[in-house]
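Q: Please take a close look at the lining of the largest pocket for me. Once that is done, carry on to whatever else is worth knowing around it.

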Amino acid sequence: YSDFDNKITSVLTGEQTDSGRDITQSANITRSELHGIEAALNYQFTPEWSWNAVINWVRASDIGADGSREPGDRIPPVNGRTGVVGQPSQTWRFEPYLLFAGNQDRLSSRDLTDPRIDPTGTDGWVTFNLRAAWSPRPDLDLRLRVENIFDEAYREHGSGIDAPGINVIAELDMRFQ
């Protein structure tokens, strides 16, 4: 739980640029209340296999100088990660996992005018991902990550950036002493 006084808020000046965009100024006039939960679970099935999950949820309200309430700006929807980890040997590790976010349609008036946010909200999404690692020596790790395997189209709320599609990342980690 957090309670902030004098949050910096954009206030319309009533003026516009030559291209028609509203001009705002910053003012310390809003109070924000946030409450949320971050929870994590880990369950070890066997010495080689485990399951883990993380979930995050937050709700925020801004209270204006006149006492009016509205949803907080750019508050992410419920989101998290869940997956299994398999380590059949000292040298191999596999991790299929899901990343997810719910839809966010609880928008502030500022969100409604933000071009990065659809005025009807941001859709929820789920991606399937896979990580694998091979460690042939104590000082050497080779890792491969394939993200968004099913090429899910999504946008993280408030980011203005659409999903990158299928992502493949190869890493070599060599440690020198």
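**Around the pockets**

A: Four elements each bring at least two residues to the lining of the largest pocket: strand E1 (2-16), strand E2 (22-44), strand E3 (49-63) and helix H1 (109-113). Helices (H or I, at least four residues) and strands (E, at least two) are DSSP runs, numbered from the N terminus. Keep in mind that this is a predicted model, where local features need pLDDT of at least 70 and side-chain atom pairs need 80 or more, while totals for chains, interfaces and linings use all residues. Residues are numbered from 1 along each chain, and side-chain values use heavy atoms, without hydrogens or water.

Back to that lining. Of the elements, E1 gives the largest share, with five residues. In total, 23 residues line the largest pocket. If you want to centre your view, go to Ser10, Thr24, Ser109, Arg110 and Thr113, which lie nearest the pocket's centre. Ser10 falls within E1 (2-16), Thr24 within E2 (22-44), and Ser109, Arg110 and Thr113 within H1 (109-113). The volume comes to about 650 Å³. A pocket here is an open set of points on a 1 Å grid where a 1.4 Å probe fits, with protein on both sides within 12 Å along at least five of seven lines; lining residues have an atom within 4 Å of a point. The volume is the space filled by probe spheres set on those points.

What about chemistry? The lining of the largest pocket splits into nine charged, eight polar and six nonpolar residues. Asp, Glu, Lys and Arg count as charged, Ala, Val, Leu, Ile, Met, Phe, Trp, Tyr, Cys and Pro as nonpolar, and the others, Gly among them, as polar.

Now for the second largest pocket, which holds about 280 Å³ of space. Leu99, Phe100, Trp125, Tyr154 and Glu156 sit closest to its centre, out of 19 lining residues. Strand E5 (79-86), strand E6 (92-101) and strand E7 (125-137) each put at least two residues into the lining of this second pocket. E6 is the main contributor there, with four residues. By class, this second lining has nine nonpolar residues, eight polar ones and two charged ones.

With both pockets placed, step back to the whole chain. The protein chain has nine strands and one helix, and from the N terminus the order is β-β-β-β-β-β-α-β-β-β. Its C-alpha atoms fill a box of roughly 65 × 35 × 35 Å along the principal axes. Of the 177 residues, 25% count as buried. Buried means under 20% relative accessible area, exposed over 50%, and partly exposed in between (1.4 Å probe, protein chains only). Contacts (heavy atoms within 4.5 Å) also reach along the sequence: among those between residues at least 6 apart, 51% join residues at least 24 apart.

A few single residues are worth a click. Start with the loop between E2 and E3, where you'll find Pro47. Pro47 counts as exposed, at 74% relative accessibility. From Pro47 to Pro88 is 41 residues in sequence, and 8.8 Å in space from C-alpha to C-alpha.

Next comes Gly64, in the loop between E3 and E4. Its relative accessible area is 23%, so Gly64 is partly exposed. Gly64 and Trp125 are 61 residues apart along the chain, and their C-alpha atoms are separated by 32 Å. That's the Trp125 from the second largest pocket, where it is among the residues closest to the centre.

Two non-glycine residues have a positive phi. Arg74, in the loop between strand E4 (69-71) and E5, has a phi of about 50°. At 27% relative accessibility, Arg74 is partly exposed. Asp151, in the loop between strand E8 (140-147) and strand E9 (167-174), has a phi near 55°. Asp151 is partly exposed too, at 45% relative accessibility.

Finish on Arg143, in strand E8. Arg143 has a relative accessible area of 28%, so it counts as partly exposed. Setting aside neighbours within four places in sequence, Arg143 is in contact with Ala132, Ala133, Ile169, Ala170, Glu171 and Asp173. Ala132 and Ala133 belong to E7 (125-137), while Ile169, Ala170, Glu171 and Asp173 fall in E9 (167-174). Between the C-alpha atoms of Arg143 and Phe100 there are 23 Å, with their positions 43 residues apart along the chain.
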